[in-house]
Each structure stands twice: as C-alpha cells, then as structure tokens.
Amino acid sequence: MSSPSPSPEEHTLQVQTLYVRHHPAILAYVLAMEPGFADAQDIVQEVFLTLTRKAHAWTPGTQFMAWACTIARYHTLHFQRTRSRRVARLDDDVVELLHPAPSLDEAAFQRRLTVLQACMAKLAPRSHQLVMLRYHHGQMPEKIAETVGWSVNAVRVALSRARQALRECLDRRLALGEQR
C-alpha cells in the first residue's frame, strides 16, 4: 500500500527544508560564478524564492542539488546580464564551459566540501584570515588591506597564493581519497 502524496504545503515545506540544509553548497556554487559575496547572497535569496514558487516541479527522491543548482545558474547568468554594463564579465558560453551543471552525485559534492574545509584548516593563520575576509565576509581587497594594514597588491598576492594552496590541497587529498 503506497503512502498518500503530501499536500502542496507539505511538499513546499520539504523543498524549503532541503534548501536550508544545502544552502552553503548552493552559495558556494553561485560564488564560483559570481565572486561578489553580497551579490551571490542576493542571487541565492532569489533562488530560494524560485524554489519555493516552483516546489511542485521537484519530485521527491530525485537530486535536489542538481535542480537547485540549475536554477542558481540561471539566476546568476540573469544577474550578470542585467547588472551595470561597466562591470566586465565573461560571456555566457564561457561561464557555461567553466561551470557545467552540477554532478548528480551529491555524496561526491559533500566529500569535496569536507575536504575543502580540512584544507582551509591547514592554511596559515593569516592566509585563513584573508580568505575568510574575502569569501565569507565579502570584503574586497581594498577593504581587507585597510583591515590588516597591508597594501592592496600584497593582499591580492596573498589571496592568490592562498587560493593556489587550497586548490593544490584539494586536488592532492581528493586524488588520495583523504577527507581529513
């Protein structure tokens, strides 16, 4: 005997609950295409509204992250098309090549996130601080330079080195199958 289908309200609540659980991963996905933290947060809020409005289109038991990230990609591309023309950006086809649709393997995505967190913990304290100021707090290099008392160029170089260290750590740990 099959269980009764959830009401539309229960279904919407289920989608919203999944959104809350996966919010950090959805934000990380948007940040990969739109590095401005405040803009990425605005996009993710729009994603939530769309997911809620279109909850009926998601089938329970299917890959929620794939569906949510597809919506996030469209919102990000729309945001980039409609914002001020004075901001240089990549063409849509280049963005699509760099950021294909997310893998349907949610476990692999969560593993990458866990490995990234472990790599962040291995960064030197100053590098960790700079990465957090830039990507968690959404500060631009100019503001970070004021905060830490460095030149803007020194902050940019340090952030570049920190990103490279994270990339190498992530690649190495994933190749070895490590998580911590």
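The legends below describe close-up views of a predicted model.

**View 1. The protein chain is built from eight helices and zero strands.** Along the sequence, the pattern reads α-α-α-α-α-α-α-α. The protein chain has 180 residues, and 36% of them are buried. Take the contacts between residues at least 6 apart in sequence: 64% of these join residues at least 24 apart. The exposed area of the protein chain is about 11,100 Å². Carbon and sulfur atoms supply 56% of that area.

**View 2. Helix α2 puts its buried residues on the same side.** α2 spans residues 37–53. Its 17 residues reach 24 Å from first C-alpha to last, close to the 24 Å expected at 1.5 Å a residue. Buried here are Phe37, Ala40, Ile43, Val44, Val47, Thr50 and Leu51. Their arc around the axis is only 130°, so they share one side of α2. Gln45 and Arg53 are exposed on the other side. The cover over the buried residues of α2 includes α1, α3 and α6.

**View 3. Ile26 of helix α1 is a buried residue.** Its relative accessibility is 0%, so Ile26 counts as buried. Leave out residues up to four places away in sequence, and Ile26 touches Tyr19, Val44, Val47, Phe64, Met65, Ala68 and Ala72. Two of these names, Val44 and Val47, also appear among the buried residues of α2. Arg73 lies 47 residues from Ile26 in sequence. In space, the C-alpha to C-alpha distance between Ile26 and Arg73 is 9.9 Å.

**View 4. Tyr19 and Phe48 form a tilted aromatic pair.** The structure holds four aromatic pairs. In this one, the ring centres are 4.9 Å apart and the planes meet at 55°, so the pair is tilted. The pair links distant parts of the chain. Tyr19 belongs to helix α1 (residues 8–33) and Phe48 to helix α2, 29 residues apart. Tyr19 is buried, with a relative accessible area of 8%. Phe48 has 26% relative accessibility, so Phe48 counts as partly exposed.

**View 5. Phe64 and Trp67 form an edge-to-face aromatic pair.** Centre to centre, the rings are 6.0 Å apart, with 65° between the planes. Both Phe64 and Trp67 lie in helix α3 (residues 64–82). They are three residues apart, so about one helical turn separates them. Phe64 and Trp67 are buried. Together with Trp58, they form one aromatic cluster.

**View 6. The charged end of Arg73 sits over the ring of Tyr74.** The charged end of Arg73 is 5.3 Å from the centre of that ring. Arg73 also appears in View 3, with its C-alpha 9.9 Å from that of Ile26.

**View 7. Helix α6 puts its buried residues on the same side.** α6 runs over residues 125–136, 12 residues in total. From first C-alpha to last, α6 reaches 15 Å, close to the 16 Å expected at 1.5 Å a residue. Its buried residues are Leu130, Val131, Leu133 and Arg134. They cover an arc of only 165° around the axis, so they fall on one side of α6. Gly138 follows just after α6 and takes a positive phi of about 70°. α6 is also among the helices that cover the buried residues of α2.

Notes. Residues are numbered from 1 along each chain as its sequence is written. This is a predicted model: local features need pLDDT of at least 70, side-chain atom pairs count only at pLDDT 80 or more; totals for chains, interfaces and linings use all residues. Side-chain values use heavy atoms; hydrogens and water are left out. Helices (H or I, at least four residues) and strands (E, at least two) are DSSP runs, numbered from the N terminus. The expected span of a helix is 1.5 Å times one less than its number of residues. Buried means under 20% relative accessible area, exposed over 50%, partly exposed in between (1.4 Å probe, protein chains only). The arc is that of the directions from the helix axis to the C-beta atoms. Rings of Phe, Tyr and Trp (its six-membered ring) pair if their centres lie within 6.5 Å; planes under 30 degrees apart count as stacked, over 60 as edge-to-face and the rest as tilted. A charge sits over a ring if NZ of Lys or CZ of Arg is within 6 Å of the ring centre and within 35 degrees of the ring normal. Contact means heavy atoms within 4.5 Å. Accessible areas come from the Shrake-Rupley method with a 1.4 Å probe; for residues, only the protein chains shown count as cover.
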